[in-house]
Amino acid sequence: MSTTTNYGRCLARMALYFDCSPIELETDQVLDYLLWCKNQHQKPSESFFKHTVYGLRLVYRLNDMDERRISLPCIERPKKLPVILSSSERKLFIKTPKLLKHRVLLAMLYGCGLRCVNMLH
């Protein structure tokens, strides 16, 4: 799913809840809706809540309503420490390829802190 599709889905749910466009809502109504979402018996996923907030920020920016963006809650990312290899794992990782050029490449990538980012969320 694309981000804009998710934003649209979350904002459509909000529009159905109030039976009007989210840009027509007062700030208090938006905040009450977000609180209601957080307190439901079947709580929405964290991504649903984020998409609703970020979608509102986008809609407000596109409609020159920047002052309303300030009143939206900030969403903090969980702070996780990176997973690192032990000394023996690092040595095995670098010594595994048979060709020297592959070993050098892996050592350089590891030494520079480069990593593979999963693009398939």
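This report describes the fold, the nonpolar core, selected residues and the surface of a predicted model.

## Overall architecture

The protein contains 6 helices and 0 strands. Read from the N terminus, the order of its elements is α-α-α-α-α-α. Of the contacts in the protein with a separation of 6 or more, 45% join residues that lie 24 or more positions apart.

Buried residues account for 20% of the 121 residues in the protein. The accessible surface amounts to about 9,900 Å², and carbon and sulfur atoms contribute 59% of that surface.

## The nonpolar core

The largest nonpolar core comprises 15 residues, and those with the most contacts inside it are Met14, Val30, Tyr33, Leu34, Leu56, Tyr60 and Leu72. Helix 1 (3-18), helix 2 (27-39) and helix 3 (46-62) are the elements that supply two or more residues to this core. Helix 3 provides the largest share, with 5 residues.

Methionine 14 illustrates how parts of the sequence meet. Apart from its neighbours within four places in sequence, methionine 14 is in contact with Pro22, Leu25, Val30, Tyr33, Thr52 and Leu56. Cysteine 37, which is found in helix 2, is 23 residues away from methionine 14 in sequence, with a C-alpha to C-alpha separation of 9.8 Å in space. Cysteine 37 counts as buried because its relative accessibility is 1%, below the cut-off of 20%.

## Helix 3 and its surroundings

The 17 residues of helix 3 should span 24 Å at 1.5 Å a residue, and the end C-alpha atoms are 24 Å apart, so the two values agree. The buried residues in helix 3 are Phe48, Phe49, His51, Thr52, Val53, Gly55, Leu56 and Tyr60. These buried residues pack against helix 1, helix 2 and helix 4. In general, residues three or four places apart on an α-helix point the same way, because there are 3.6 residues a turn.

Threonine 52 belongs to helix 3. With a relative accessibility of 1%, threonine 52 counts as buried. When residues up to four places away in sequence are not counted, threonine 52 touches Cys10, Leu11, Met14, Tyr33 and Leu34. The contact between threonine 52 and methionine 14 therefore appears in both lists, with a contact defined by heavy atoms within 4.5 Å.

A further approach involves histidine 51 and glycine 8, which are 43 residues apart in sequence and 8.7 Å apart in space, C-alpha to C-alpha. Glycine 8 lies in helix 1 and, at 36% relative accessibility, counts as partly exposed. Histidine 51, by contrast, is among the buried residues of helix 3.

## Residues with positive phi

Aspartate 19 has a phi near 60°, a positive value in a residue other than glycine. Aspartate 19 is located in the loop between helix 1 and helix 2. Its relative accessibility of 69% means that aspartate 19 counts as exposed.

Aspartate 64 follows helix 3 and is situated in the loop between helix 3 and helix 4. The phi of aspartate 64 is near 50°, again a positive value in a residue other than glycine. Aspartate 64 is exposed, with 66% relative accessible area. Glycine 113, just after helix 6, also takes a positive phi, of about 80°.

## Helix 6 and the surface patch

Helix 6 (residues 100-112) has 13 residues, which should span 18 Å at 1.5 Å a residue; its end C-alpha atoms are 18 Å apart, which agrees.

A nonpolar patch on the surface is formed by Ile84, Leu85, Phe93 and Tyr110, which together have about 370 Å² of accessible area. Isoleucine 84 is placed in the loop between helix 4 (66-69) and helix 5 (87-95). Isoleucine 84 counts as exposed because its relative accessibility is 67%, above the cut-off of 50%.

Note on methods
Residues numbered from 1 in each chain as written. Predicted model: local features only at pLDDT ≥ 70, side-chain atom pairs only at ≥ 80, totals over all residues. Heavy atoms only, no water. Helix = DSSP H or I, 4+ residues; strand = E, 2+ residues; numbered from the N terminus. Expected span 1.5 Å × (residues − 1). Core = buried A, V, L, I, M, F, W, Y, C linked by side-chain atoms within 4.5 Å. Buried < 20%, exposed > 50% of the residue type's maximum accessible area, 1.4 Å probe, protein only. Patch = residues over 30% accessible without salt bridge, like charges linked within 9 Å, V, L, I, M, F, W, Y side chains within 5 Å. Areas by Shrake-Rupley, 256 points an atom, 1.4 Å probe, with all protein chains shown as cover. Salt bridge = Lys/Arg side-chain N within 4 Å of Asp/Glu carboxyl O.
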